[in-house]
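Student: I have a structure to look at and many terms to sort out. Can we go through them one by one?

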Amino acid sequence: RTTNIVDVQTHVLLPAEPHETKMATVVRTCVGACRLHKGSVQARKEGRNAKVCRSDARKRRALDLKTGVAAVPNPATAEEPEWKKINELAAPPPFTLKDLRNAIPEHCWKRDPIRSFAYLVRDVAVVFALAYAAFQTDTWWSWPLYWVAQGTMFWGLFVVGHDCGHQSFSSSKTLNDLVGNIVHSSILVPYHGWRVSHRTHHSNHGHVENDESWHPVPRHLYDEMDHWGKLGRLSLPWALFAYPFYLWKRSPGKEGSHYDPNCDLFTKNEAADVITSNLFLTGMLAILGACTWSLGAMNMLKLYFVPYVINVVWLDVVTYLHHHGASDGEKMPWYRGEEWSYLRGGLTTLDRDYGLFNNIHHDIGTHVIHHLFPQIPHYNLLDATEACKPVLGEYYREPEPCPGPRIGKYSIGLPTHLIKPLMDSFKKDHYVSDEGNIVFYETDPDFGKK
C-alpha cells in the first residue's frame, strides 16, 4: 500500500517511502511476500528489537519477484555498501510516517492558545523582572548573572516565535503571525524571513544540498571556502556567533538574505510578508534607539545587547546539536537523490536533555518528533515522543541524561554533558563527499592551517 501524507504546516505532499512502494508490488504478485509483510507488520506492533528490524529489511530487499522466495545472497558476489559499514540505521526504516502519526495520542495535536499565551506571559514577566532587578542592583557581580539569565530568556522568547512560525501557537494564522512578528522582532529576528527558511529546513531536513541551516558543506564548496570562512562556520567559538550572519547572508553555497523580499527563498506571494517583518524590525530598532537616548549607551549595552549575544550563542548551540554530535559517537547519515525522504531525513535529528533549561526553552530539545510533525505544540512533544518510541525502536536515539539532581523524572542539573559532543563534532565534522547518496561527515586533517 502506498501511503501519501500531507504535512499540515507546509501543505506539502510527503512522498511514500520507496521501499514501501516496492513491497506493495511484491504483496500483489506473490504469496510468499504477502506472508512476510504480514509478519513484519505484526512484529512492529509487538515492538521487535533492532536486530530483527534489520534482518527483515534485508529479507524484503532480497525477495525474488518471480518466485516470491527470499533469494540467498552469493557471498562471492554480494558486497555490503560502504554506508552500511558506517551506520546500518542509514537504511530505510521498517515503519512509515503514517505509523508514527497513528501512534500519537489525539490530545497532542490540539493547539491551546490560552496555554500558549500563559507561557508567553511567563517569559515576558521574567524578562522585565530580571531587567528591573539588575538595573536596581547595578553591581559588578550581578550583571554577569543577569546576562546569562536574560540571554536564556531571550532564547525562550525565540522558541515561542518558533511555535508561531509552525502555526502551533494557536489555530489562527493571523494571531500566530502577529505574535510571531512581535516576539521575534523584540530579539531582532525577521519573523517571516526566518519562518520561510525554517520551513525549507523542515521540508528538506537531512538533505545535503537542499537543507537550509547547519547542513554539511560538500567537498567542492569546502575547498572553495577561504581560511576565515572555514573558521567562522566550522570552529569554536566563532560558529556560536553565526546566526546574525546567517540571517544576512545565509549558509555556504546559498545566496540571498532573510531581509530581501526578492531572495530565492521566497515566492512572490511571500515578499509582502518579508517586508512586513522588516517594518516590525524597524519599529524595534526605533524603540532601542529611544531607550539608548534615555538610559545611555552603556546601560543599554548591559541591559539588552549583551543578553542578545548570549541568546545567539544559545540558538547556535541548540540548533547545531539538533543535527550533529551524537553522544555515543554515532556518525549520522546525510542523504541525496533517491535515498532521501522526508522520514529518513527527519530521523537524523537528535533529542537532547538540557536539564534545568528544558522547561525554560519550551522543550525544544525534544526534537525528533518535532521535526517530523512540527504542528504539534511544544507542551505536547514529550507525550508524543513517548508514544512513538515503540514504533521508532532503534531509530530513536535516547538522549544522554543531564547530570545533577532530579525531581521525579525531570532533571534540574546543568547540561555540562553536552560540551563534549559539541566540541568533538566541531573537531571532526568538516565536509561531506561530493559523491554518493548516503554520506557522512569527514575530517580535514589540515583544518585551521593557513
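Tutor: We will take each term, set a value against its cut-off, and conclude. Keep in mind that this is a predicted model.

Student: What makes up the secondary structure of the protein?

Tutor: There are 18 helices and six strands. Of the 450 residues, 51% are buried.

Student: Why is Ser341 called buried?

Tutor: Buried means under 20% relative accessible area. Ser341 has 3% relative accessibility, so Ser341 counts as buried. Ser341 sits in the loop between β3 (334–335) and α15 (342–346).

Student: What makes the link between Ser341 and Arg344 a polar contact?

Tutor: The cut-off for a pair of N or O atoms is 3.5 Å. The Ser341 side chain reaches the backbone nitrogen of Arg344 at 3.1 Å. That distance is within the cut-off.

Student: How do you know that Glu339 and Arg344 form a salt bridge?

Tutor: A side-chain nitrogen of Lys or Arg must lie within 4 Å of a carboxyl oxygen of Asp or Glu. For Glu339 and Arg344, the closest N and O atoms are 2.8 Å apart. The pair therefore meets the cut-off.

Student: Which of these two partners is buried, and which is partly exposed?

Tutor: Arg344 has a relative accessible area of 3%, so Arg344 is buried. Glu339 has 24%, so Glu339 is partly exposed.

Student: Why is the pair of Lys85 and Glu82 called a salt bridge?

Tutor: The N to O distance is 3.7 Å. The limit is 4 Å, so the pair counts. Both residues lie in helix α4 (residues 82–86), three residues apart, about one turn of the helix. An α-helix has 3.6 residues a turn, so residues three or four places apart point the same way.

Student: Is Glu82 buried or exposed?

Tutor: Exposed means over 50%. Glu82 has 53% relative accessibility, so Glu82 counts as exposed.

Student: What about Arg122 and Asp123?

Tutor: Arg122 forms a salt bridge with Asp123, with the closest N and O atoms 3.1 Å apart. Asp123 is at 0% relative accessibility, so Asp123 counts as buried. Arg122 is at 30%, so Arg122 counts as partly exposed.

Student: How many salt bridges does a search of the whole structure find?

Tutor: The search finds 15. Glu212, Arg250 and Asp264 are linked in a network of salt bridges.

Student: Why does Ile407 count as exposed?

Tutor: Ile407 has 56% relative accessibility, so Ile407 counts as exposed. Ile407 lies in strand β4 (residues 406–407). With Leu356, Ile412 and Leu414, Ile407 forms a nonpolar patch on the surface.

Conventions: Residues are numbered from 1 along each chain as its sequence is written. This is a predicted model: local features need pLDDT of at least 70, side-chain atom pairs count only at pLDDT 80 or more; totals for chains, interfaces and linings use all residues. Side-chain values use heavy atoms; hydrogens and water are left out. Helices (H or I, at least four residues) and strands (E, at least two) are DSSP runs, numbered from the N terminus. Buried means under 20% relative accessible area, exposed over 50%, partly exposed in between (1.4 Å probe, protein chains only). A polar contact is a pair of N or O atoms within 3.5 Å; within protein, one must be able to donate a hydrogen and the other to accept it, and residues adjacent in sequence count only if both atoms are side-chain atoms. Patches are made of residues with over 30% relative accessible area and no salt bridge: like charges are joined within 9 Å, nonpolar side chains (Val, Leu, Ile, Met, Phe, Trp, Tyr) within 5 Å. Accessible areas come from the Shrake-Rupley method with a 1.4 Å probe; for residues, only the protein chains shown count as cover.
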